[in-house]
Amino acid sequence: MGNLAIISDLHVDINKFGEAELMILWEVLQQKKITRLHLAGDTANKVDRCLAVVDFFANKGLPTTFHFGNHELADITGEAMMAHFPDPHFLNERYLALNDQTVLLGMNGWYDYRFSELEEEDAIVRMKRLYWYDRLIQREGTDLEVNGRLLYSAGKILDSLAGKGLEVILSTHFVPKREFIVYQTAPYERWNKLNAFLGSESFGELLDRYDNIKQVVFGHTHRRFEDKIINHTIYSCRPFGYYYEWQLTRAFVRENRLIESYDPMKLRVLLRAHHPAFSEYQKAHLHEEFEQAMTMVPY
Ligand SMILES: [Fe+2]
Ligand SMILES: [Fe+2]
């Protein structure tokens, strides 16, 4: 018996995390009696930073695995490296035994544009080139082709696991279910088009075909949700996200009455202006933020 923790979107470089912050996370993991850690992508923009986080926990004696999110993929050249990155902790299109009946399966994942309000593929591609971080990622083929390869490899692995009668905990970076897509109203409806890059509904439909998938954990949305049960599978989404999106940051702004109305877009400047105070507040409350942003799976 053990306790798996899955964490996505740590973004250690954007969040300016060093050893001190990772030590706070390590304390949380110890308190929760976590026996295995899996990082579900967007751990860092740079692969070296991502690997350093993995090594930090592995060197503490905690079995640790990871797959990539879109942020790491922008720092990697070639489909082979993206799918089979040569690191012993890398878990993509691969699974490991948690016990004699359950496996942890890792899939980086991708998107199929179906969550977008735009239907025309060319228009979505143009938006991606203009506005989206993932324009930096060099994939082989179109996004829909990449998604097609994902469906093929996931299907093969899931068929084989179903054949073996094994239960699956699946970790992926991108959103597999429409229930986790938030459609905005004016003046933010532009974002509804960018939902194209949040995840893959076809991947979610593939998952529906298997009744041995116990739980699916993902992130990428930078928005935390309550667990949802869809077709007898638990779906968990509670990414950690950027410092200006955290609950503790909202509380800091509220408690100090820093702004009249809460506008996340203006927060970075505001937090910089209140730097020493915010830094202290962060140190005092990071513990709780980590607790809220992890999914624990007993096995
Ligand atoms: Fe992220
Ligand atoms: Fe992401």
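**Two sheets, two irons and a lot of rings**

Let me start small: Leu-96 stands opposite Leu-104, which belongs to strand 5. This is a predicted model, so local features need pLDDT of at least 70 and side-chain atom pairs pLDDT 80 or more, while totals for chains, interfaces and linings use all residues. Residues are numbered from 1 along each chain as its sequence is written, chains are lettered from A and ligands numbered from 1 in the order in which they are written, and side-chain values use heavy atoms, leaving out hydrogens and water.

Back to our two leucines. Strand 4 and strand 5 (residues 102-107) run antiparallel and pair over four bridges; strands count as paired if DSSP finds at least two bridges between them. Strands here are DSSP runs of E with at least two residues, helices are runs of H or I with at least four, and both are numbered from the N terminus.

That pair belongs to an open sheet of six strands, in the order 4-5-6-7-9-8 and with mixed pairing. Which strands stand at its edges? They are strand 4 (94-97) and strand 8 (228-230); each has a single partner strand, so one side of each lacks a neighbour in the sheet.

There is another open sheet, of four strands, ordered 3-2-1-10 and again described as mixed in its pairing. Here strand 3 (64-67) and strand 10 (295-298) are at the edges with a single partner strand each, so one side of each is left without a neighbour. Strand 1 and strand 10 are antiparallel and joined by four bridges, and among the bridge partners are Ala-5 and Met-296, the latter in strand 10.

Now for the metals, which I suspect you came for. Which residues coordinate the iron ion (ligand 1)? Asp-9 (OD), His-11 (NE2), Asp-42 (OD) and His-222 (NE2) do, at 2.0 to 2.2 Å. A donor is an N, O or S atom within 2.8 Å of the metal (3.2 Å for Na, K and Ca), and because water is not among the atoms, sites may look incomplete.

The donor residues of the iron ion (ligand 1) have the spacing D-x1-H-x30-D-x179-H in sequence. The four donor atoms make angles of 90 to 170°, and the site is irregular. Irregular means it fits none of these: tetrahedral (four donors, all angles between 85 and 135 degrees), or square planar (four) or octahedral (six), with opposite donors over 155 degrees apart and all others between 65 and 115.

The iron ion (ligand 1) and the iron ion (ligand 2) lie 3.4 Å apart, with Asp-42 as the bridge. His-11, in the loop between strand 1 and helix 1, and Asp-42, in the loop between strand 2 and helix 2, are 31 residues apart, so to speak a link between distant parts of the chain. His-11 is buried, at 0% relative accessible area, and Asp-42 is buried at 1%. Buried means under 20%, exposed over 50%, and partly exposed in between, using a 1.4 Å probe on protein chains only.

The iron ion (ligand 2) takes its protein donors from Asp-42 (OD), Asn-70 (OD1), His-173 (NE2) and His-220 (ND1), at 2.1 to 2.2 Å. Its site is irregular as well, with angles of 91 to 162° among the four donor atoms. Along the chain the spacing reads D-x27-N-x102-H-x46-H. Asp-42 sits in the loop between strand 2 (36-40) and helix 2 (47-58), and His-173 in the loop between strand 6 (167-172) and helix 7 (190-194), so this pair ties together parts 131 residues apart in sequence. His-173 is buried, as is Asp-42.

Last topic: rings. The whole structure holds 24 aromatic pairs. One of them is Phe-17 with Phe-290: the centres are 6.1 Å apart and the planes at 65°, so it is edge-to-face. Rings of Phe, Tyr and Trp (its six-membered ring) pair if their centres lie within 6.5 Å; planes under 30 degrees apart are stacked, over 60 edge-to-face, the rest tilted.

Trp-132 and Phe-197 make a tilted pair, 5.4 Å centre to centre with 40° between the planes. Trp-132 is buried at 14% relative accessible area, and Phe-197 is buried at 1%. Both belong to one aromatic cluster with Trp-110, Tyr-111, Tyr-113 and Phe-174. Thanks, everyone!
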